[in-house]
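Visitor: Could you take me on a close look at the place where the two chains meet, and at what lies around it?

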Amino acid sequence: MELELIKNGTRIDGRKLDELRPIYAAVGVLKNANGSAMFKLGNTTAIAGVFGPRKVFPKHQEEAERAILRTKYNMAPFATTERNRPGTSRRSTEISMVTRQALTPLVFLDEFPKTAIDVHIEVLQADASTRCVGINAAALALADAGIPMRDLISSCSAGKVGEHTVLDVAGKEDTEGELDLPVAYYPRKKQITLLQMDGVTDSREVKEIIKLAVKGCEKIYDEQKKALRSKYKLEESE
Amino acid sequence: MIEIDPLLVREVIEDGKRVDGRPLDGYREVSIETNVVPSAEGSARVRLGDTEVLAGVKIDVGTPFGDTPDEGVLMVGTEFVPLASPEFESGPPGEEAVEVARVVDRAIRESKSIDVKKLCITPKEKVWMVYVDVDVLDDNGNLIDASSLAALAALMTAKMPVLNEDGRVDHDKKGTEPLPVTGRPLCTTFVKIGDKIIADPSSAEMHALDARLTVGTFEKDGHVKLCSMQKGGSMGLTLDEIDTIVKLAEQKGAELRKHIK
């Protein structure tokens, strides 16, 4: 790696080691969906739409005691530098699955037996951490759909660039960095509901990287709440 | 397969025991047989208790990807063959099969145990394509670890094919050069049931789990390193639980590596 990605504690895009990219969050961005949200982390943008609780098709998927949560992560063909082939890939199948597992603990599924809640995530622009941005949008869209939830889920990644531990890996750091570790965090229970890792580390260092990612999730959580409050303002009583 | 009520499995584990009598951190017996499929460049049959998988390596010549013109290609696939479980159906791989393949692939790839640069024949034109395919023959739980053992054992016995004058693989000749693999990367899987962490979950335990964490480990300069992680299951894990599992993974990974020579 000839290129210097970190100089005097400043990253190639000007951020500090533990700094997130700029966040944008908005809820109710689509008309047709029962709930929707857009979430941006720097140049990574995802939009999520929720339908349901609604009838289950195909019927054999129906569960007598609870709703089923279905998630679909998809990346637009124009979201990446080189065109991304449309349709389901092994990668998107895996991400759809871990996204569902990340969101499941949140939702009171027992309240809606024999129904389906469908969460669709579309990545419009990709610059690392697309699964995290998708989860952040999805949590907001579920809340916007009025589905009873225990909390929100917030997600971001931390990683390693050279010997430095950094928050929210992006751009060149993603392609040339040593390690990427996405996390989804359930703040009320202080639990991690998504955890993946690509790259070499050891048991001591990985703990620090996870802790840093959780710190990032806590900041994202505040922004998610702000976005919800700005749509659902409580009118001051007369 | 004997079906055991997940509630019973949970009750037994709450008492600090397991239905099959293993200690909480105990693996089932591992047996590995290599070179079981002569048509493959390398192969291994792995039994992990009553779970059985067969991995085969095929090596061919292909064109490199545009963004990595001087690197060979490694690809892991998994097939959940319907004869392995009443729950498997024929057809394209479902999300669980895709996950097993990608998690096994990730540990090998991220540990850089196979130097993909060495698999380059002519930059931008010709590289070696290494395909590892794992057939699940009998599913009695923890397919990730069984597939990971089989993939590694098969890769370590694989021989590079011989090229003919046209630069294509000569199927009449048997190669003798081994495929270089270092560090012995392996996946180790742990599940949380109630407040207990157990290693190497059986089928019954897989049906009762709250959360799962798979950790990839390998050896580098005499030390155990981590190279991948994948959480599964629909409940969360605390930081302390993750820390406990990661430390167990370092220890269990080293024990499993003794089965791979």
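Guide: Happily; what follows starts at the interface of chain B and chain A and then turns to the core and some charged residues.

This is a predicted model, in which local features need pLDDT of at least 70 and side-chain atom pairs count only at pLDDT 80 or more, while totals for chains, interfaces and linings use all residues. Residues are numbered from 1 along each chain as its sequence is written, chains are lettered from A and ligands numbered from 1 in the order in which they are written, and side-chain values use heavy atoms, leaving out hydrogens and water.

Let us begin with the interface. Here 33 residues of chain B are in contact with 29 residues of chain A, where contact means heavy atoms within 4.5 Å. About 2,800 Å² is buried between the two chains, and carbon and sulfur atoms give 56% of this area; buried area is the accessible area (1.4 Å probe) that two parts lose on being put together, summed over both. Glu95(B), Met229(B) and Leu239(B) supply 21% of what chain B buries against chain A, more than any other three residues.

Charges and polar groups take part too. Five salt bridges are counted between chain B and chain A, a salt bridge being a side-chain nitrogen of Lys or Arg within 4 Å of a carboxyl oxygen of Asp or Glu. Arg102(B) and Glu94(A) form a salt bridge through their side chains, at 2.4 Å from N to O. The interface also has 17 residue pairs in polar contact, both residues at pLDDT 80 or more; a polar contact is a pair of N or O atoms within 3.5 Å, where within protein one must be able to donate a hydrogen and the other to accept it, and residues adjacent in sequence count only if both atoms are side-chain atoms.

On the side of chain B that touches chain A, two or more residues come from each of strand 4 (73-80), helix 2 (95-110), strand 9 (211-220), strand 10 (223-232) and helix 5 (239-257) of chain B. Helices (H or I, at least four residues) and strands (E, at least two) are DSSP runs, numbered from the N terminus. Strand 10 of chain B gives the largest share, eight residues.

Now for the core. The largest nonpolar core has 123 residues, and Leu181(A), Ile210(A) and Met229(B) have the most contacts inside it. Such a core is a set of buried Ala, Val, Leu, Ile, Met, Phe, Trp, Tyr and Cys residues joined through side-chain atoms within 4.5 Å. Beyond its neighbours within four places in sequence, Ile210(A) is in contact with residues including Leu181(A), Met229(B), Leu239(B) and Ile242(B).

Helix 5 of chain B also holds Arg257(B). Arg257(B) is buried because its relative accessible area is 1%; buried means under 20%, exposed over 50% and partly exposed in between (1.4 Å probe, protein chains only). A polar atom of the Arg257(B) side chain lies 3.0 Å from the backbone oxygen of Thr217(B).

In chain A, Asp168(A) sits in the loop between strand 9 (164-167) and helix 3 (172-176). Asp168(A) counts as buried, since its relative accessibility is 0%, and its side chain reaches the backbone nitrogen of Arg21(A) at 2.9 Å. Among the residues that Asp168(A) touches is Arg15(A). The side chain of Arg15(A) meets that of Asp13(A) in a salt bridge of 3.0 Å, N to O. Arg15(A) is buried at 5% relative accessibility, whereas Asp13(A) is partly exposed at 42%.
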